[in-house]
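Welcome to a short tour of a protein model. Take a moment to turn it around, and then let us walk through it together.

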Amino acid sequence: MDLRVGVRWDDPAQNERIHRAQEQCLIDYIEVNYPIPFGSNPHGLDIPVLAHTSSNPTCSAEGVNLNIARRIKEAADETNSPWIGEHLSWLGTAPTGSLGYQINPLFTDEIAAVTALNVSRLKEYYDRPIALELGPIYIQSTGYESEMHFLGSVANEVDTKVILDVTHWQIGNRNLERPIDYGLEAIDPSRIIELHIAGMRLGSDQRFWHDAHELLPDAEVLSIASKLIEDLPALEAVTFEHSPIASEEDFFVGLRQINDLTGNRRSRTAA
């Protein structure tokens with residue numbers, strides 16, 4: 001299957017570099033993280049959009065934020081996004097019930113049942129496929145063998161797609177001192193339709209690794225991504241997540257690295 005390469009859009013400050021990336025045929029889409037800043041218009045960039053959100057608490061017994069879900073659905077309908085990316089989180093970043101970032105759930109049977117109910121309702125409401133994603137992991141799973149097994153189980157039960165964030169996955173494996181390929185077998189490879197690739201950093205404690213969109217992906221993440229691109233049968237998209245406040249030079253270095261990884265699988269004609 002042909003691949004598309006894209007970048008995450010968070011802020012209008014990215015628009016000019018995205019235009020230049022289009023002109024150089026380095027990207028095929030933007031992945032917009034909804035809800036977007038008031039008055040911004042990524043839809044006006046004349047490039048296909050993948051809809052994504054990190055605001056819904058998909059694993060909460062309180063359910064998702066209906067106002068957020070409505071805004072995401074409207075955007076996905078407007079842009080004809082082929083799927084909507086959703087984080088598996090206990091608390092999202094919506095103003096209600098937010099601590100400023102996604103909080104991972106307990107990975108237990110009880111939470112899996114709540115998550116399956118929330119995601120199935122979202123899937124019906126959106127009327128388009130959902131792709132589930134995990135955040136970075138810092139502690140051992142409390143019920144399932146791992147967070148990857150939890151994700152695989154929920155995706156199978158609700159029949160969703162999966163976004164494999166390679167950086168988040170490797171942050172978890174490093175933090176829990178697991179092999180680099182740990183957990184991949186828990187996810188049906190035919191469900192993985194998108195990869196996320198970004199930088200990571202070692203914390204000041206010199207123990208735990210963290211997401212770092214201001215940095216380039218390291219060599220290990222790129223090597224793992226290269227193998228996944230070669231092996232995953234249903235993979236359709238590879239998204240580079242780079243901070244709008246980070247160096248534009250690094251932005252283009254990272255994009256060219258990812259284009260090199262996709263090689264002959266990259267489709268430059270996909271809409």
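A helix here is a DSSP run of H or I with at least four residues, and helices are numbered from the N terminus. With that in hand, Lys123 can be placed in helix 3. Please keep in mind that this is a predicted model.

**The whole protein**

Let us step back for the overall view. The protein holds seven helices and 10 strands. Its radius of gyration is 17 Å, close to the 18 Å that the globule rule gives for 271 residues, so the protein is as compact as a globular protein of that length. The C-alpha trace spans about 50 × 40 × 40 Å along the principal axes.

How much of the protein counts as buried? Of its 271 residues, 57% do. The surface that the protein exposes comes to about 11700 Å², and carbon and sulfur atoms supply 51% of this area. Among contacts between residues at least 6 apart in sequence, 72% join residues at least 24 apart.

Charges are worth a look too. There are 21 positive and 41 negative side chains, and the centres of these two sets lie 3 Å apart.

**Around Lys123**

Back to the lysine in helix 3. Is Lys123 buried or exposed? Its relative accessible area is 25%, so Lys123 falls in between and counts as partly exposed. Leaving aside residues up to four places away in sequence, Lys123 touches Arg128, Ile130, Val158 and Asp159. Ile84 makes a nice reference point: it is 39 residues from Lys123 in sequence, while their C-alpha atoms are 9.0 Å apart in space.

**An aromatic meeting point**

A pair of aromatic rings is described by the distance of the centres and the angle of the planes. A search of the whole structure turns up six aromatic pairs. One of them joins Phe107 and Phe150, edge-to-face, with 5.0 Å from centre to centre and 65° between the planes. Why does this pair count as edge-to-face? Planes over 60 degrees apart are given that name, and the angle here is 65°, so the label follows.

The two partners come from distant parts of the chain, 43 residues apart. Phe107 sits in the loop between strand 4 (84–87) and helix 3 (109–126), whereas Phe150 belongs to helix 4 (residues 147–158). Phe107 has a relative accessible area of 5%, so it is buried. Phe150 is buried as well, at 0% relative accessibility. Together with Tyr144, Phe107 and Phe150 make up one aromatic cluster.

**Backbone details**

Where does the chain contain a cis peptide bond? One joins Tyr34 and Pro35, with omega at about -5°. Pro35 lies in the loop between strand 2 (29–34) and strand 3 (49–53).

Two residues with positive phi, neither of them a glycine, are worth finding as well: Cys25 and Asn80. The table sets out where each sits and how accessible it is.

| Residue | Phi | Place | Relative accessibility |
|---|---|---|---|
| Cys25 | near 60° | loop between helix 1 (15–23) and strand 2 | 44%, partly exposed |
| Asn80 | about 55° | loop between helix 2 (66–79) and strand 4 | 59%, exposed |

The relative accessible area of Asn80 is over the 50% cut-off, so Asn80 counts as exposed. Cys25, at 44%, lies between the 20% and 50% limits and is therefore partly exposed.

Key: Residues numbered from 1 in each chain as written. Predicted model: local features only at pLDDT ≥ 70, side-chain atom pairs only at ≥ 80, totals over all residues. Heavy atoms only, no water. Helix = DSSP H or I, 4+ residues; strand = E, 2+ residues; numbered from the N terminus. Rg over C-alpha atoms; globule rule 2.2 N^0.38 Å. Buried < 20%, exposed > 50% of the residue type's maximum accessible area, 1.4 Å probe, protein only. Contact = heavy atoms within 4.5 Å. Areas by Shrake-Rupley, 256 points an atom, 1.4 Å probe, with all protein chains shown as cover. Lys, Arg positive; Asp, Glu negative; His and termini not counted. Charge placed at Lys NZ, Arg CZ, Asp CG, Glu CD. Phe/Tyr/Trp six-rings, centres within 6.5 Å; stacked < 30°, edge-to-face > 60°.
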